[in-house]
Amino acid sequence: MAFQALRKFASTGTRTAPSCVQILPEVADALSSGRPVVALESTIVAHGMPYPQNLELAKDVSSILRNKGVIPATIAIKNGVFRAGLHPDELENLSLAGEEGRAIKCSTRDLPLVASKHRNMNLSEENVQWGATTVAATMRLAHAAGISTFVTGGTGGVHRGGELSLDISTDLIELSRTPVVVISAGVKSILDIKRTMEVLETFAVPAGSWKSDEFPAFFSPKSGVKSPAMFENGMDVASAYLIGRELGMTSGMLVAVPNHDPAGEAVEIAIQEALREAKEAGIEGRDVTPFILQTVAKKTGGDSLRSNMSLVKRNAEVGADIANSIMELSLRGSTVPLSQPQIVSTQLKSRVVCVGGAVIDTIAKSISECEMIVGTSNPGIIHRSDGGVGRNVAEVIGRLGSKPLFYTAIGNDDGGQGLVMRLEKECGVVTTEKSVHVVETSNTAQYLALLDHNSDLVGGVADMEALTEIPIPSVDELCGVDFLVIDANAPTETVMEAAKNGVKAECKVCFEPTSVPKAKLLSSIEFIECLSYVFPNEDELFAMAEALDDGIESEGGKEGTGECTNKIRAAASKLLSIMKSEKAHIVVTRGSSGVLLASRANADLSFMEFPVADSIPEIKSSNGAGDTLCGAFIGALLQGANEEAATTFGMKAALLSLDCAEHAISPDVSSMAVPENKTR
């Protein structure tokens, strides 16, 4: 029999797999903490029904699951990235993508093809392309992400005439080799249900009906085919699934839930008519199901759509019960893990991403006690070092052991390549081909300063063209990241988009203003709303407040200490009132006056002053002190410190850089230890 050959293929065929699955932080947290998660397919959203009903159904299903304590995880491919879990705005984008021609229906075989194609298209958030996963593809990626329960509408099977054409859904193959419980309304009624059940038996796939001894036919609870088993509750399913895993069975499990919507019988009649029309029109393969569903919807005046939506919601209720039961039984002591992924599920290894400038600083200082002679050479000392605010902050976080991922742009030259290499090998910073953009037409950003013998600036030249092409981390790339740190060296639109992506990915967005002019440029309400932490000096803070028409003068340093402090608090309060984060903080560096930590928790404001140490070393360089404080502050938060402890720790780290003439960031930061028992 031809089906026997198919069984041999299913059990011995090589399993190729995508390189990574990016898991939404909410889903990852649930999986790691032992809470139930249910996977949802994306084809039903992109192609299964029209907009806006598809989006309404997706939201309703998510609500049903959440109300039962289960986290939903829609499976899809977005711009070539395999995803387990989507943000609400991504789900809405997906719901429009089918009608707009931006979604490709993907079965298992299509996963590497579609991912490769989209990854090579240099897609952006403005032009999102989707791979909408079928039952088979959703099973594969759900298992890869460690999800054992999957709710869908209907399952594929043997097509009518399949005994001659061998037109058999990949869903059956995937059920034979991927250990995921699939909850559906049975095999789609346009298929040969009896032969489908024979194939499932051949492939050793446990299958049964929910509280019925007859296998359902999607729209109708009756098919005339006896069900192999009957499940009375979620525990029946969970027990059978876990026993199968203990036996080493790699097959999935199919639970068919009868659809008792009254419109079912009328829809069945319309289906038979639509089948004849499809045959006459020469519609075949994967195009049959969408055609049938659309045609039946027209014939039944929307009854099929309403029935379809009803059965999916019912499946979600049953799926939630099963997911909860599997988790409950497994926690009682099952020796088998719920997931043995075929694919390594990877997110960004770092909990922090830095976006900003990487600059080579060259300082030329005269050693003559006489005034410099213009137009000729002067004796002096020339020193070259790595700099740039974003680079400096990333170095500090890296030296403290948190391995930040750094986004920047460099020129196609030895200077830029050396800068990146030193960050990686000496500082523990992570870079990738995507995070470091090489600008073929520009030099790596450089700053040349000419100082007299008193270290006063005589003149300088800045070549920062490369920084206009700093890449923007996407929402997908920021999933799972705790902190996104942005400096103001990139173009305003780049900084703005990066901050918005950070908010969508649920990162805490941190901003280092870099300079007074740049602080003013980035002081729109839209941008400040994205921020959770800001690290300005006094003048940068006043500049940001002024740009918001606050009326606060930026000459705070000329006032008395008390009046200046009051103005700083007023400016900080203005920004904190705009920042939308539930908890927001501004760390203001004040030179010899120390640091002010301004915080807001919900509507409550607080201010803490941190004076400088009684004895500080001779200041040898102030180039990287503020960046050191910012990086050490974030590094401390990453290791569990609260904001007060992080400020103290950051100030201690800044002292090390003030005492270092050779580098913007003191290498001694690497030996610092975050204070213990200062949890947030």
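## Helix α5 and its buried face

A residue is called buried here when its relative accessible area is under 20%. By this criterion, E90, L91, L94, S95 and A97 are buried in helix α5, which spans residues 88-97 of this predicted model. Viewed down the axis of α5, these buried residues fall within an arc of 155°, so they line one face of the helix.

## Helix α2 and its surroundings

Helix α2 covers residues 25-32, and its buried residues are P25, V27, A28 and A30. The buried residues of α2 pack against four strands: β1 (22-23), β2 (37-40), β3 (71-78) and β4 (81-84). Just after α2, G34 adopts a positive phi of about 80°.

## The nine-stranded sheet

An open sheet is formed by nine strands in the order β16-β15-β12-β19-β20-β21-β22-β23-β24, with mixed pairing. The edges are occupied by β16 (436-439) and β24 (604-610); each has a single partner strand, so one side of each is left without a neighbour in the sheet. On average, neighbouring strands of this sheet are turned by 20° against each other, direction ignored.

At the β24 edge, strand β23 (residues 595-601) and β24 pair in the antiparallel sense over seven bridges. Within this part of the sheet, A598 has F607 of β24 as its bridge partner.

## Helices packed on the sheet

Helix α15 (residues 389-399) packs on the sheet, where it touches β12 (352-355), β15 (405-411), β19 (483-487) and β20 (508-512). The direction of α15 makes about 155° with that of β12.

Helix α23 (residues 625-638) lies across β12, β19, β20, β21 (531-534), β22 (583-589) and β23. Relative to β19, helix α23 runs at about 170°.

## Nonpolar cores

The largest nonpolar core comprises 108 residues, and V181 and I322 have the most contacts inside it. Helix α14 (residues 303-331) supplies the largest share of this core, eleven residues. Leaving aside residues up to four places away in sequence, V181 touches S148, T149, F150, V237, Y241, M253, V255, I322 and I326. V181 and I322, the two residues with the most contacts inside the core, are thus listed in contact with each other.

A second, separate core contains 52 residues, including V481, I486, A490 and V588.

Key. Residues numbered from 1 in each chain as written. Predicted model: local features only at pLDDT ≥ 70, side-chain atom pairs only at ≥ 80, totals over all residues. Heavy atoms only, no water. Buried < 20%, exposed > 50% of the residue type's maximum accessible area, 1.4 Å probe, protein only. Helix = DSSP H or I, 4+ residues; strand = E, 2+ residues; numbered from the N terminus. Contact = heavy atoms within 4.5 Å. Pairing = 2+ DSSP bridges. Axes fitted to C-alpha atoms, helices over the stretch in contact; angles between N-to-C directions. Core = buried A, V, L, I, M, F, W, Y, C linked by side-chain atoms within 4.5 Å. Arc of directions from axis to C-beta.
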